[in-house]
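The exercises below ask for careful reading of a single structure, and each is followed by a solution worked out in steps. Please try each task before reading on.

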Amino acid sequence: MTVADLSAQLTAYEGRSAVLGGRGRDPVDAAMIRHWCEAMGVPGPDPAVPGVGPGVAEAPPAMLQVWIMSGLSGAVGRTAAYEELVALLDRAGCTAVVATDCEQEYLRPLRTGDEITFDAVIESVSPRKTTALGTGHFITTRTEIRANGELAGIHRFRVLRYAPARTRTASPAERPRPVINRDNAGFWEGVAGHRLLIQRCTACGRQRFPWLPGCGECGSPLWEAVEASGEGVVFSYVVMHHPPVPGFEAPYAVGLIELAEGVRMISSLVGVAPARIRIGMPVALEFVRAGDQELPVFRAYEEGL
Ligand SMILES: [Zn+2]
């Protein structure tokens, strides 16, 4: 099949249904709201908010997708049209998938007890695109989410289905370079001198990372840089197996490090086999050189060794 033939076939799926008559697995409930807020490190809903009745909580708007997720048992309610689209891309060699971005619109708050229903359409299928991961097509679905039958939000979700680029020997020099801008330039200057700098608001004293122009606590634009000790623990982590990323040899561990100063940062975990990384493991800062770029990484230590 030529590229033009495939593109024409893919475009024919635009506007077709992706999910019809989807139902949330559970009504909006307080336990899920509490778990989500704890995981995100944000305060839970305030029972004193006007308009919310006794014993009723309002879910944070950004939880919108939570209520339509299908869990480990797999996607429910996908239409034959969507499955055909995926099969067509599979046959064209686009066997890998990665979620790229999502946009949400919030039209009405979700409250505990709301029954969730949803429908999704295939909004667009892009022409063939070549990305760092490989060549493929972006599929955008648009999901209308209703609470007790009333439109509550719109969730647009984009994935790239692609033919993986051939993997090469991983050389650290090939790692993507960090994006350095005027807001974080001071951090990278610190790294160049083997110092891990975080920001401290000089108005309220709150320490923060990543670097931002203002304080998330009090709004003050005044801050100073303070050097972190480099000591911390693994707050959470993932072990990456796929997709291949230039400069990294899978499997490798990416940690969310909680520094002794209380802020968290994402970085490479080294020194322990990825399968042996555990939450709570102590870590210590090191610097590695990738090409002409210094990078902070964290060496993990197995307890008792
Ligand atoms: Zn502040």
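Helices and strands here are DSSP runs numbered from the N terminus, a helix being H or I over at least four residues and a strand being E over at least two. With that convention P210 is placed in the loop between strand 8 and strand 9. The model is predicted, and local features are taken up where pLDDT is at least 70.

**Exercise 1. Describe the coordination of the zinc ion, and state which parts of the chain C201 and C218 tie together.**

Step one is to list the protein donors, which are the SG atoms of C201, C204, C215 and C218, lying 2.3 Å from the zinc ion. Step two is the spacing of these donor residues in sequence, which reads C-x2-C-x10-C-x2-C. Because C201 belongs to strand 7 (residues 197–201) while C218 sits in the loop between strand 8 (207–208) and strand 9 (223–227), the pair ties together parts that are 17 residues apart in sequence. Step three is the geometry: four donors count as tetrahedral if all angles lie between 85 and 135 degrees, and the angles among the four donor atoms of the zinc ion are 103 to 116°, giving a tetrahedral site. Step four compares accessibility with the cut-off, buried meaning under 20% relative accessible area. C201, at 2%, therefore counts as buried, whereas C218, at 40%, counts as partly exposed.

**Exercise 2. Locate the cis peptide bonds that join F209 to P210 and A250 to P251, and give omega for each.**

For the bond between F209 and P210, omega is about 0°, and P210 lies, as noted at the start, in the loop between strand 8 and strand 9. For the bond between A250 and P251, omega is about -5°, and the place of P251 is the loop that runs between strand 10 (231–240) and strand 11 (252–259).

**Exercise 3. Determine whether S267 is buried or exposed, and identify its surroundings.**

Begin with the position of S267, which falls in strand 12 (residues 264–270). Its relative accessible area is 8%, so S267 is buried. Next, with neighbours within four places in sequence set aside, the contacts of S267 are A253, V254, G255, P296, V297 and F298. Finally, P296 also takes part through its backbone oxygen, which is 2.9 Å from a polar atom of the S267 side chain.

**Exercise 4. Compare the settings of D183 and H194, and state how far apart they are in space.**

D183 is located in the loop between strand 6 (150–164) and helix 4 (185–192), and H194 in the loop between helix 4 and strand 7. Both count as partly exposed, because the relative accessibility of D183 is 33% and that of H194 is 42%. Although eleven residues separate them in sequence, the C-alpha to C-alpha distance between D183 and H194 is 19 Å. Apart from neighbours within four places in sequence, D183 has contacts with W211 and P213. The backbone of H194 has phi near 60°, a positive value in a residue other than glycine. N148, in the loop between strand 5 (134–147) and strand 6, likewise has a positive phi, near 50°.

**Exercise 5. State which domains the protein chain is assigned and how far apart their centres lie.**

The domain assignment gives domain 1 as 3–164 and domain 2 as 172–300. Taken over C-alpha atoms, the centres of domain 1 and domain 2 are separated by 30 Å.

Terms used: Residues are numbered from 1 along each chain as its sequence is written. This is a predicted model: local features need pLDDT of at least 70, side-chain atom pairs count only at pLDDT 80 or more; totals for chains, interfaces and linings use all residues. Side-chain values use heavy atoms; hydrogens and water are left out. Donors are N, O and S atoms within 2.8 Å of the metal (3.2 Å for Na, K and Ca); water is not among the atoms, so sites may look incomplete. Four donors count as tetrahedral if all angles lie between 85 and 135 degrees; four count as square planar and six as octahedral if opposite donors are over 155 degrees apart and all others between 65 and 115; anything else is irregular. Buried means under 20% relative accessible area, exposed over 50%, partly exposed in between (1.4 Å probe, protein chains only). Domain bounds come from an automatic or database domain assignment. A polar contact is a pair of N or O atoms within 3.5 Å; within protein, one must be able to donate a hydrogen and the other to accept it, and residues adjacent in sequence count only if both atoms are side-chain atoms. Contact means heavy atoms within 4.5 Å.
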